[in-house]
There are 2 protein chains.
Amino acid sequence: MITQQACPFDIALLHHPVRNKNGETIGSAVTNLDLHDIARCARTYGVKQYYVATPYTDQFKLIEEIVEHWQNGHGARANPERKEALAIVRPMPGLDEIIDDIIVRYGKKPLLVATSARPQTDKIGYQELRTHLHDDRTPVLLIFGTAHGLAPEIMNRADKRLAPIQGNSTYNHLSVRSAASIILDRLLGTER
Amino acid sequence: MITQQACPFDIALLHHPVRNKNGETIGSAVTNLDLHDIARCARTYGVKQYYVATPYTDQFKLIEEIVEHWQNGHGARANPERKEALAIVRPMPGLDEIIDDIIVRYGKKPLLVATSARPQTDKIGYQELRTHLHDDRTPVLLIFGTAHGLAPEIMNRADKRLAPIQGNSTYNHLSVRSAASIILDRLLGTER
């Protein structure tokens, strides 16, 4: 049972490059509840920063406006707990800029761990990643994809690919909000 | 590690009676993504039926229309996987009707297990409930609340109250979509 992390741990949600249902690489649209649900969950599990990446200026601005509403607008006054969760959301153009930011924050390049619903080669298991979080000082960036998941270029670029979630059926189509919640609990939850 | 359930296991999402932020008992509005996210997760973990309860006729009709769109409408053709998930959603007026339906389906009153983010008296832990699912033949109905959680009358009526999710911070404001995902993984997940 791990209650303390030795290393910084951040998460990222990429809207590009991701796959559509035909397996083509696309950019997806920002979804309001992806920001809220994943920020609330990340905050619950002590994640320091929740990067939300899109290369599109209007979508980037949408993220900023949502965060602003809950940090300084009416939302902040109406729901202080939501303000606290959204405080960890940080819009970014893409993965390169996220890595740069982590290097500035921690002085070290993070271990990139990509997530996917598909079987992976050279995968890291949950217990193994928990052990890293507990014993290693290298920062970890856990990367989630929107739409039909991260594009192959991100999966290949990652240092590790996290084992896909196994339910107990052959059905395997969780929302990214559910997948992120389950993965954060598996990696950082203190009660099993 | 439990891969087979001995007993039927269903879940319910109640929109009434639930609490608002002032602790008053209210009825809440149906949220489209509560149907989708929780149905997809429940389907992944092999849950048989996902009851969604509201006493309000217009809201009941809204659930029926959403399910219909994904069962027989455009959604069913556009996204067969979503069709498969939404197939387990069943609108109900309230908890009494859900219990009646379970008695008809299984010939036995279910063990009612309520969920909450608050500390509980006479609570059941995750391992204990996993053991029940594995060893006992009494059906289990796991009950989730919308808004600020199930009203006291439901918490008190339940046979058991599931231990709240512990993250690793003092922040404790998960969406019901995240909470349901984490709880289903803790109870029914096969890989830890």
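Start where the two chains of this predicted model meet: 34 residues of chain A are in contact with 34 residues of chain B. Select α1 (32-44), α4 (80-86) and α8 (176-188) of chain A, the elements that each give two or more residues to the side touching chain B. Colour that side by class and you'll get 9 nonpolar, 15 polar and 10 charged residues.

Now show both chains together. A turn of 180° with a shift of 0.0 Å along the axis lays chain A on chain B, with an RMSD of 0.0 Å. That is how a two-fold axis relates two copies. To find the axis, click A:I182: among the residues of chain A, its C-alpha comes closest, at 2.5 Å. And 100% of chain A's interface residues are interface residues in chain B too, so the copies meet through the same surface.

Next stop, helix α2 (residues 57-71) of chain A. Its 15 residues should span 21 Å at 1.5 Å a residue, and the end C-alpha atoms are indeed 21 Å apart, so the two agree. Pick out A:I63, A:I66, A:V67 and A:W70, which are buried. Look down the axis of α2(A): the buried residues fall within an arc of 95°, so they line one face of the helix. Their cover includes α1, β4 (50-53), α3 (74-78), α4 and β5 (89-92) of chain A. Swing round to the face turned away, and you'll meet the exposed A:T57, A:D58 and A:E65.

Last, the largest nonpolar core. It has 112 residues, and A:I143 and B:I143 have the most contacts inside it. Select A:I143 and look for the residues it touches, including A:A12, A:L14, A:L112, A:L150 and A:I154.

Technical notes:
Residues numbered from 1 in each chain as written. Chains lettered and ligands numbered in written order. Predicted model: local features only at pLDDT ≥ 70, side-chain atom pairs only at ≥ 80, totals over all residues. Contact = placed C-beta atoms within 7 Å. Helix = DSSP H or I, 4+ residues; strand = E, 2+ residues; numbered from the N terminus. Nonpolar A, V, L, I, M, F, W, Y, C, P; charged D, E, K, R; others polar. Core = buried A, V, L, I, M, F, W, Y, C linked by C-beta atoms within 7 Å. Buried ≥ 20, exposed ≤ 12 C-beta atoms within 10 Å, placed from the backbone. Least-squares fit on C-alpha atoms with pLDDT ≥ 70 in both. Expected span 1.5 Å × (residues − 1). Arc of directions from axis to C-beta. Lists of a residue's contacts leave out its neighbours within four places in sequence.
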